[in-house]
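Trainee: I should like a close look at a single part of this model, taken step by step. Please then set that part beside the rest of the structure.

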Amino acid sequence: MARLPSKDEILEWIRENPTHGAKREIAKAFGIKGAARVELKRLLAELEEEGLIERTGRRMRPPGHLPPVTLFTVGQPDADGELPLTAKDWQDEAPHPPVLYLPRRADPALAPGDTVLAKLHPVHEESGLRYEARLIRRLAAGAPRLLGIYRKGPDGGRVVPVDKKSDREWEIPRGAEDGAADGELVEAERVSRERFGLPRARVIARYGDPGAPRMLSLIAMKQFGIPYEFPEAVLAEAEAAAPLVGDGALGDREDLRALPLVTIDPEDARDHDDAVAAEPDPDPANAGGHIVWVAIADVAWYVRPGSALDREALKRGNSTYFPDRVAPMLPERLSADLCSLMPGVDRPCLALRMVLDASGAKIAHRFTRGLMRSPAALTYEQAQDAADGAPDAEAAPHATAIDRLFAAYRAAAAARERRQPLDLDMPERRVELGEEGQVLRIATRTRLEAHRLIEEFMVLANVCAAETLEARKARPGAGFVYRTHEEPAEEKIEALRETVDSIGLTLAKGQVLQTRHLNELLRASRESVHADVVAMSVLRAQTQAYYAPENFAHFGLNLARYAHFTSPIRRYADLIVHRALIATLGLGEGGAVDPGPDGGQAMREMAEHISRTERRSMEAERDTTDRYLALYMAGREGAEFAGRVTGVQRFGLFVALDESGADGLLPVRSLGEEFFRHDPDLHALIGERTGQVFTIGQRLTVRLVEAVPVTGGLLLDLVSAEAAPAARVIRGAARGRGAASPRRKLAKGRIAKAKAARKARRR
């Protein structure tokens, strides 16, 4: 018969096993069986009466300990950016709850005030018991918040939202404005939802004049929850990092300092995380071939798994770029210094050597960890001028290196043409600001061969990273993430097919859709009046690219495998791939840590998180550009502008102005004195009485009615409209539509089949 444990032994076991404190588990731990269970029950009852343990359901726990599954309220982020969790059933008179840690990948959608259910895992440290919290689900959202402009009234005030997609104001009762002045940018928290009238709220933060310099990007960061200040612990780690310079820093690294690894970036680049070099392949077996080097900043050397720098980088997911500033993933000490491949200084790198044959096909590659010293930091324009035979003083000493780069690129470009990635080259706007934050001009970025050179070599490097990790059997579910771009959904292809049919073009059907089919469509329309319609329709048909531990290929690039490797300064996904390569190839310190048996799930959650932060940054960057464009247009109300329709909704048209690229709303009420029916499949508004058609790509002349920089909104009025492309066909298609038509039935069946296949593959 097993010895009955003492009270102290029982207490010690419960403290060490706070998530396994049921009587049955205690009995099993001490080997207690039969009649002795009655005596154990008595001891547990005495311990409870003495206040040494408390009961939660069938489980015993010491006071001050939490049950294994607990309801929590999310608090305000602390100085380190952590989200503290407070147990909802915690008693004020009891000891303070232990510190909880919620992994970054689990909390991207959480906000202060939310109620969450979490599973606790005890961790024993020298300082005592600590819990790790694993999020199960969010049960209830906290009090909603609104960023807006405070407008003072006789009996309090209102907050007008800065989000142009929201038109609901909140009422601020007298005394709840926190001293906000009329016209000030504030953040408000809703305190009640009135059955009639506006929701009531209180001001919880004030940010000052919304028209002040740099305020437009701050609005976006606040609106989308993008961190822009680093915790002290993160800054301290960054400042403590030491540079790797000189022969003594080589260690096991390969010495690449003699290679002409130049950086080629935009003129306003804030960091330099990639460098390239090329030379003819001396191997006679590869006549006409090229050796291409791509060197990437060795961020993994400085940002180690589990460090404060690492946790903050994962939280941010990526850098976010605005016209006037950047919200970086890493502190400036790393992003603009130690991890920036500046000319003339030694920098650690993770480098790739690729061998291309004369036709541009990659025939070999290898990764190495090296030490490099870039001889020059060039802009795209400088590299292009040098390649065209007119180098400036800075580029002239590197003319031979640049010529070799372009020779290798032209071979790679031939291979790219054979591969046929999606050739959708949309214009990109650039906002140029003055010293005081004023908008000087809105320019369209010029696409040079130098841009395509860097893009193609980066694509090849990303392919090599994915191939290497697969070939070395790095655990895809635990070691790295792919960059995935799935083929367009069947329903979107049907909509695209109907659109191009209406303008006399044909999209191949009855076969697997490939990028070359879409390229043929784009080429067929390029010199016609329908070019904009086709390009925008093809773009709208594409799915959103994302990160995943599983390989679903990259449709747009027409690649079987693809993993981001080339920008670890600004993308956490690339840092994951760097660590996986270092660990898989045995390249030294800073590789991936074994995530344990649930590594696949952990990597999946991480991939979902960084996909969300990427989309968040894209939306914030786009909204900020819209605000600066509205600032540029402010004061020009009443002026007329040429533009084209880029979007169609039941409430009106979105029109891009030729001069600036700014998007404005043309409300349906300004289109004419009749009812316009919205056809979402044809992307058209069709007049019920006249049959007049407004659709994507249509040329218009509009008048600017209002420009609101704080929201980025432009309100337009119609002056005149050119005939819609194939308006007669669109009207006929709209009249002939019917749920029972054979074509619609066939399309519906294909769509259902495609959805089922996609769902099965994701499993």
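Mentor: Two strands are said to pair if DSSP finds at least two bridges between them. Please keep in mind as well that this is a predicted model. The part I have chosen is strand 30, residues 684-687.

Strand 30 and strand 31 (residues 693-695) run antiparallel and are joined by 3 bridges. One of the partnerships is that of I686 with V693 in strand 31. The hairpin formed by these two strands has 5 residues between them, and G691 takes a positive phi near 75° there. Strand 30 also has a connection to strand 29 (residues 676-679): these two run antiparallel and share 4 bridges. Here D679 is placed opposite A684 of strand 30. The hairpin of strand 29 and strand 30 has 4 residues between the strands, and in it H683 takes a positive phi near 50°.

Next, consider the two faces of the strand. In a regular strand the side chains alternate between the two faces of the sheet. In strand 30, A684 and I686 are on one side, while L685 and G687 are on the other. These four residues are all buried, and both faces of the strand are thus covered.

To place L685 in a wider setting, we turn to the nonpolar cores. The largest of them has 91 residues, and V294, L334, F457, F565 and Y572 are those with the most contacts inside it. Helix 11 (residues 449-471) gives the most to this core, namely 11 residues. Another core lies apart from it, with 46 residues, and L685 is among them, as are L657, L704 and L718.

For a second setting of strands, look at the open sheet of 5 strands, whose order is 13-20-19-16-15 and whose pairing is mixed. Its edge strands are strand 13 (254-255) and strand 15 (274-280), each of which pairs on one side only. Strand 13 pairs with strand 20 (residues 362-373) in the parallel sense, over 2 bridges, and D255 stands opposite L371. At the other edge, strand 15 and strand 16 pair in the antiparallel sense over 7 bridges, with A275 and A295 as bridge partners. Strand 16 is joined to strand 19 by 8 bridges, again antiparallel, and A297 has C349 as its bridge partner.

Strand 16 (290-297) resembles our starting point in being covered: 8 of its 8 residues are buried, so the rest of the structure largely encloses it. V294, named above for its contacts in the largest core, touches residues including A275, L350, F457 and A461.

Two helices lie against this sheet. Helix 10 (residues 399-419) lies across strand 15, strand 16 and strand 19 (346-356), at about 85° to strand 15. Helix 11 lies across strand 15, strand 16, strand 19 and strand 20, at about 100° to strand 20.

Methods: Residues numbered from 1 in each chain as written. Predicted model: local features only at pLDDT ≥ 70, side-chain atom pairs only at ≥ 80, totals over all residues. Heavy atoms only, no water. Core = buried A, V, L, I, M, F, W, Y, C linked by side-chain atoms within 4.5 Å. Buried < 20%, exposed > 50% of the residue type's maximum accessible area, 1.4 Å probe, protein only. Contact = heavy atoms within 4.5 Å. Axes fitted to C-alpha atoms, helices over the stretch in contact; angles between N-to-C directions. Lists of a residue's contacts leave out its neighbours within four places in sequence.
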